[in-house]
Structure formats: C-alpha cells, structure tokens
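This report sets out the fold, the principal pocket and a few individual residues of one protein chain. The sequence and the structure are shown first.

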Amino acid sequence: MRNLWLFLIRYNAFFWFVLFFVFSVILVVKNNTFQRATAFNSSNVVIGNMYAKVNSWKSYLALADANEQLVKENAILHNQLQRYTVKDSSDSVRLVDSIEEGRYQFIVANVANNSIHQKSNYLTLDKGSKDGVEKDMGVITSNGVVGIVLNVSKDFCTVQSLLHPDTRISVTLGKSEVFGSLMWGNNRDSRYAMVRDIPNHVKVAKGEQVYTSGFSIFPKGIQVGRIVETGITSGESFLDLRLLLSTNFSNLQHVYILKDKMAEEKRLLEETNNDNG
C-alpha cells in the first residue's frame, strides 16, 4: 500500500493532467453540437465493430450446433418432398393425400469413425436398432452415396463404405440413361471409382453426371459423381469409365440412413423367383 501511495505522489502531475484533459473533452463535447455529433458517430463505429467481432465469434462457436440443425431440417425436407408428384401433362405439382406416405424415411446420423485409406473401408455411425436402423440400408449425404449398412447394434451401426472392393451399386448415365455398375476397386484413392459394364457403342462425354438407377437399395436419381475418363476397354463389348465421386469421404460428419418402407415386401416377392427355380 505504501508503494502505491509513493507511486501516486511521484506521478501526481500526470494523473492530474489526465483528469483535467478528460474533463475538458467532456465539456467540449457536451456544449458543442458538432463535436457531440462527431463523438457520437465515432463511438457508434467503435461499438458497432466490437459487436460485429463478438457476434462473429459467437457464430463460429455455434457452427457445430447450426450444422446439426441443418442436417435434421434436410432430413425433414427429404421426407416431405416424397409427398409431391409431378403431373405428366403440365409443369405444376399436386399434393398427394396424407394417407400416401413417402417410401423412404431419412434417419440422421453422425460419423463416429471412418477409414478411407485401407484396402476395405468402413464407417461407424451413432445410430442403431433403437433408431430403426437395419442391415442392408443405404447411406447417403446431401452430395452423394456413402455405403451400405453392414452390422447393427443397439446404439451404433457399421457401414460398408463405397470405398470397399465388394460394394456394387447400380447406376445410370445422366444423358444416355444407360445402366452400369459402380465399384471402387483397389485404387486406394477416395476421390475416384469406376463405372463398368457400359456397352462400347454408347458415346460418353467427360463431365457427364452419373446417378443411382433405382435398381439397388438406393432411390433413383441420387448423384454419384461425374465422368473424368472414358474409353477404358474392359472387353469386346463393354467399356469402363473413371468417375470423380461427388461424396468427399475425407470430411464426412453427418449422413442420412435410408429406410425403405417397401424393402421387406420387395425382398419377399423376389424370393419367390428362387423358389420357382
């Protein structure tokens, strides 16, 4: 305490100067219209910039919650869009009766684990049987296909990634609508895959989009990627195409698990074909 008093006594002239300077500035601003307006505008700029910085920090810290909320909203929109159908003779849309539900339910899941550099890659998601997840369900993102549910526990499920040599998906070319089979192979590159079994008479251009055909567990029309290399011969009658995948597997965080409400009916019907054989 003694040192503080000695410090104040030693520099008392400086402190008196600061006190009188501040008091004089207040008097000038208070009694002059121009100075008052200038000071008010300057303080607004400073405070406004400070609030903008604080809000930007708050927004950054809230990005995780915002992203999760957006994913949930997207799932709701996906479910709602299934209730709309387009009339063949016009460009208008009509709302289907509420009794007619959409075929697919979209279950939001977070990626708990993911591999992309292995020979056979898998994902682990934080949704399980208690959430309605079952084996052989498709998994997608808003950008494309991710994989197929392999094993399910109560709270988690594992997914056989599209980056797995045993994963096969039926796809169609965007322009010619020719069907082929999508597979990753063993190229160890998470950005690319191959489209095989394309007839060699089909003209395919670089940049052409590729979508799911609807013949596998995935709905028709989900984007898979775009062609980056053509003319790869795999036999006398077929071509292979190199595809740049639309799904970025290196930063997967949120995905959608597709629950097909008609999957069991379809499976039972197709099993009768084997019985007839």
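## Overall architecture

Among contacts in the chain (heavy atoms within 4.5 Å) between residues at least 6 apart in sequence, 56% join residues at least 24 apart. The model is predicted, with local features requiring pLDDT of at least 70 and side-chain atom pairs counting only at pLDDT 80 or more, whereas totals for chains, interfaces and linings use all residues. Residues are numbered from 1 along each chain as its sequence is written, and side-chain values use heavy atoms, with hydrogens and water left out.

The chain contains 5 helices and 14 strands, taken as DSSP runs numbered from the N terminus (helices H or I, at least four residues; strands E, at least two). Of its 277 residues, 30% are buried; buried denotes under 20% relative accessible area, exposed over 50%, and partly exposed in between (1.4 Å probe, protein chains only). The chain exposes about 18,400 Å², of which carbon and sulfur atoms supply 56%, by the Shrake-Rupley method with a 1.4 Å probe.

## The largest pocket

The largest pocket holds about 490 Å³ of space. Its lining comprises 19 residues, and those closest to the centre are Asp136, Ile217, Asp260, Ala263 and Glu264. A pocket is an open set of points on a 1 Å grid over the protein atoms alone, with protein on both sides within 12 Å along at least five of seven lines; a 1.4 Å probe is used, and lining residues have an atom within 4 Å of a point. The volume is the space filled by probe spheres set on the points, which are joined across faces, edges and corners.

Strand S14 (254–260) and helix H5 (263–276) each supply at least two lining residues, and H5 gives the most, with 5 residues. By class, the lining has 6 nonpolar, 2 polar and 11 charged residues.

Asp260 is found in strand S14. Its side chain reaches the backbone nitrogen of Met262 at 2.9 Å. Leaving aside residues up to four places away in sequence, Asp260 touches Arg103 and Tyr104.

## Backbone and exposure

Most residues other than glycine have a negative phi. Glu177, not a glycine, has a positive phi of about 60 degrees, and Asp197, likewise not a glycine, has one of about 65 degrees.

| Residue | Location | Relative accessibility |
|---|---|---|
| Glu177 | loop between S8 (169–173) and S9 (179–183) | 57%, exposed |
| Asp197 | strand S10 (192–199) | 45%, partly exposed |
| Asp260 | strand S14 | 18%, buried |

How values were computed: Ala, Val, Leu, Ile, Met, Phe, Trp, Tyr, Cys and Pro count as nonpolar, Asp, Glu, Lys and Arg as charged, and the others, Gly among them, as polar. A polar contact is a pair of N or O atoms within 3.5 Å; within protein, one must be able to donate a hydrogen and the other to accept it, and residues adjacent in sequence count only if both atoms are side-chain atoms.
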